[in-house]
Amino acid sequence: MSSEGFLQPKCVRWRLCCGLRWQVLIFLLYFSHIVSGQIRYSIPEEMKKGSLIGNVAQDMGLDLKRLRAGRARIVTGESIQYTELKTDKGILVVSERIDREQLCGDVTPCSFRFEILLENPIELRRITVEILDINDHAPDFPKKDITFEISESATLGSRFTLASAEDPDVGLNALQSYHLTPNDHFILKQHTNPDGSKYAEMVLQKPLDREEHPRLSLKLIAVDGGNPQRSGTVNIEITVLDANDNAPVFNQSVYRATVMENALQGTYIATVNASDADNGSNGVVSYSFSNLKKHLADIFNIDETTGTISVAGEIDYEKDTKYEVRVEAKDEGGLTDTSKVVIEIIDKNDNAPVINVMSFSSPVCEDAPTGTTIAIINVKDADSERNGQITCSLTTNLPFKIQSSLSSYYTLISDGALDRETTPEYNITITATDSGSPPLSSTRTLHLRISDVNDNAPLFHQRSYSTYVTENNSPGMSIFTVSARDSDWNQNARISYLLEDTQISGTPVSTYISINSETGVLHAVRSFDYEHIKQLTVMVKAQDGGSPPLSGNVSVNIFIQDQNDNAPQVLYPVQTSSSLVAEMVPRSADVGYLVTKVVAVDVDSGQNAWLSYKLQKSTDRALFEVGLQNGEIRTIRQVTDKDAVKQRLTVVVEDNGQPSRSATVNVNVAVADSFPEVLSEFTDFTHDKEYNDNLTFYLVLALAVVSFLFITCLVVIISVKIYRWRQSRVLYHTNLPVIPYYPPRYADTLGTGTLQHVYNYEVCRTTDSRKSDCKFVRPSSQNVLIMDPSSTGTMQRMQSEQNILDEPDSPLEQKPPNADWRFTQGQRPGPSGPCNYHGDHIRWPQKRSIRAGGPPEMAMGTGPWPNPPTEAEQLQALMAAANEVSEATATLGPGTMGLSTRYSPQFTLQHVPDYRQNVYIPGSTATLTSNPQQQQQQQQQMLMQQQMAAQQQALQAQPSEASAQPEPPKAAQTPASKKKSTKKEKK
């Protein structure tokens, strides 16, 4: 049972108030201090998760960057981690519920430790967190009722030990006092054990009277000092018995004993003994533990009769090193006595060291310097003294060592050079051994991998290589394969092959040899010729893929092997086609006479260059022989007068190759004693047939080439001519009219003109111009040169509209003909007028109109036409006008007809016949044409031109008419007239 708010005496109340104030100050004050690299915090138990413990970064003098860069973390080993480090804020917070009673029990002060580990560089900071107790437990009695049987004869001052209440709290929050309900017989006395616990005794202060009060009921209240105050209550039932005047008495007030850790169940510890002076049942004493804590009841056992204390459960030195228990001796009359038993635990080396790896770096570069930190290890041993002293060691023959950095912390560092090519990985076994007897040890194996560094260059299997290649090989043929090895790994061992940039006879080696960069296969780039190059020496470079790359070189000697690909070449006698060489043999020559020697060479080597000479054919085989090895031609018999003067020998020179090659030479031998005789006999020697055949071939080839070039040029010229003719046909394929002349109906209309009616010419582009049609339109009121398409109108000469209005008596009737009917040079059609050209268009300048009229006297319209023009004069004027139009057409581009601006911009060529093909002569049936079907008419026109020329000369003889009339224009040549003149000239 528990209760709160129990009334207490003033002194007790004052102590409680002071204690509460002190406890509140402890709870509200969190302090930290750093001593020798340690930080201590104090917090109350039962704080919520996430509650702030302290600012670790500020207390350790570190900034937040250092916490994050060093990967700060909490190292607790195998214990529960109650705290959490917030590296982003540098604070320490509660991560698990903290129960001081569960964590420490009765131990005060209660605290737990852990380390904060930082890397780069490695730092260890120890943190101690003290847990302050809060009043979260009320005192509690193990039993609800306490029963006593007390004899009425019990003497005053007899003591009756009451059951103690248990309060897991400590300090002020622990059990502080007991209170007994007021009565007349008993008072309460409180006592304190050496461990600080309190217990109470009832002291009889007034004799009992069984007859008056056979039973007494009291209450015992246990009160702690917390705020709020908590209490526990137990009922005391007292039965008054008959008299038992002697209580048991222990022979020792304190018993001391020792026991080994991990002692077996039933192991003897000690024996207590109490004596009772009473006899009978009042003198029988029984033993029991008094106020034994719950966890001790499972560890120790006492015999009620003998008082022997033994081991009942597991004893662990690491949990408790000493136990204090109270033993009670009680007789049958209910009288008791107590004694204390102190049991000390002897430590046993029963805990092996525990190895915890705090940090481990793997892999490690093989070029890491000596002293590089590989791992940080924490080793703990729960034993004490020598049993807890630890030494760490490594397996032998490893380039590592372990050294102690802090208490129970060890650092594994490198102690030598690392080489991945020799040892790519290590199994490092760490052994931790304590100093107990016998010693215990534990091991931990770390698997360390060594990362590769490009520290090995590629190596070839040989210092140099040699290979042989037969000449005349095919390009791209595989010649040889080089191979290199690299002890490195992965990319550092990936080898690429390439050729050093060297030259062979002034030519880059790449023009001879190529190499596959991955396989190292050498390929021939070209076909080799032994006669030009007999050996190639190339430098092959093997380069790995490291950074920076390493490389190795090797020379490859490529020997070209000869093939019999060259026939023997005869040096003597020299074979020429222009002259004849003959060897003379006197008729007095004996047997074996040296006639000449055939000298030949073979550019091949070895057996391919061994030459043998044979006589293939001869005029007289019985007269000469050839040396097989030396090529000497000698006589094999005596020369006689019957032997012919002209002797022709054919010698075959053959090499020893497979297959063999040969060459032939003709040797002319003259059997004579004098040189004139030789000349007379050798004049009819013909040239070599082979030379003649070659000459014929070259002549035929030259003739064929010349013929081909001639035919090609001829075709090109004809094509150009045809193209130009077609272009001219396109340009001339437009029917243009001629300017007709009608002398009988000549009149001056409106009083000033020379023609009866006004006609407008329209000039436009033809469809053959390949341009858009355009039309220049001018008002009809302007003076223009016009034509009457109905063949009835005549040309007239007009003045401006203002002149017409100024002459009131100018009737619209036919006037007599003017003195001169011919056009002046400025009035003729053609390109004589001003005209500007822009591309294919005609820009007509803004100028005044030009009247097609005669001299000034003709403008008045007076006087008859004295001499009408003859037909020859009409033809001459017509031809002149047509010629000018033709020249203008040839001058301008396509689409324009070369018309003068004197006809005004309204003068266009729309639906106009081609005047170059048909020229019509007014008043006559004659027609000028360029068609082949009209050749006969053209000849007649030529006669008419001759007559016209004669008449012109007659007209010029008349001085009066010559002075009055302007000189008529000469007839210009049309394309038809040009053809006629050409034929005439030929004739």
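Guide: In what follows, a residue is buried when its relative accessible area is under 20%, exposed when that area is over 50%, and partly exposed in between, with a 1.4 Å probe and protein chains only. The model is predicted, so local features need pLDDT of at least 70 and side-chain atom pairs count only at pLDDT 80 or more, while totals for chains, interfaces and linings use all residues. Residues are numbered from 1 along each chain as its sequence is written, and side-chain values use heavy atoms, with hydrogens and water left out.

Visitor: What percentage of the 987 residues in the protein chain is buried?
Guide: The protein chain holds 13 helices and 57 strands, where helices (H or I, at least four residues) and strands (E, at least two) are DSSP runs numbered from the N terminus. Of the 987 residues in this chain, the buried share is 42%.

Visitor: What part of the exposed area do carbon and sulfur atoms supply?
Guide: The area that the protein chain exposes is about 53600 Å², a value from the Shrake-Rupley method with a 1.4 Å probe. Within that total, the share supplied by carbon and sulfur atoms is 52%.

Visitor: Among contacts between residues at least 6 apart in sequence, how many percent join residues at least 24 apart?
Guide: A contact here means heavy atoms within 4.5 Å. When the contacts in the protein chain are restricted to residues at least 6 apart in sequence, the share that joins residues at least 24 apart is 70%.

Visitor: Which residue has a side chain in polar contact with that of T239?
Guide: T239 is found in strand β16, residues 231–241, and its relative accessible area of 19% makes it buried. Leaving aside residues up to four places away in sequence, T239 touches F148, E149, I150, P214 and R215. A polar contact is a pair of N or O atoms within 3.5 Å, in which, within protein, one atom must be able to donate a hydrogen and the other to accept it, and residues adjacent in sequence count only if both atoms are side-chain atoms. At 3.3 Å, such a contact joins the side chain of T239 to that of R215.

Visitor: How many aromatic pairs does a search of the whole structure find?
Guide: Rings of Phe, Tyr and Trp (its six-membered ring) pair if their centres lie within 6.5 Å, and planes under 30 degrees apart count as stacked, over 60 as edge-to-face and the rest as tilted. Under that criterion, the number of aromatic pairs in the whole structure is 11.

Visitor: Why does the pair of Y82 and F112 count as tilted, and how many residues apart in sequence are the parts that it ties together?
Guide: The ring centres of Y82 and F112 are 5.4 Å apart with their planes at 50 degrees, so this pair is tilted. Both partners count as buried, Y82 at 15% relative accessibility and F112 at 11%. Because Y82 lies in the loop between β5 (73–75) and β6 (83–86) while F112 lies in strand β8 (residues 110–118), the parts tied together are apart in sequence by 30 residues.

Visitor: Is Y468, which pairs with F559, buried or exposed?
Guide: The rings of Y468 and F559 are stacked, at 5.2 Å centre to centre and 25 degrees between the planes. The pair links distant parts of the chain, 91 residues apart, with Y468 in strand β35 (residues 464–470) and F559 in strand β44 (residues 551–561). F559 is partly exposed, with a relative accessible area of 24%, whereas Y468, with 54%, is exposed.

Visitor: Which residue lies over the face of Y199?
Guide: A charge sits over a ring if NZ of Lys or CZ of Arg is within 6 Å of the ring centre and within 35 degrees of the ring normal. K534 lies over the face of Y530 in this way, at 4.9 Å from the ring centre. Over the face of Y199, at 5.3 Å from the ring centre, lies R326.

Visitor: Which residue in β32 stands opposite S393?
Guide: Two strands pair if DSSP finds at least two bridges between them, and an open sheet of 4 strands runs in the order β27-β33-β32-β29, with mixed pairing. Its edge strands, each pairing on one side only, are β27 (364–365) and β29 (390–394). β29 and β32 (residues 425–434) pair in the antiparallel sense over 5 bridges. Opposite S393, in β32, stands T431.

Visitor: Which residue does a cis peptide bond join to Y572?
Guide: The bond in question has an omega of about 0 degrees, and its proline lies in the loop between β45 (569–572) and β46 (582–585). The residue joined to Y572 is P573.
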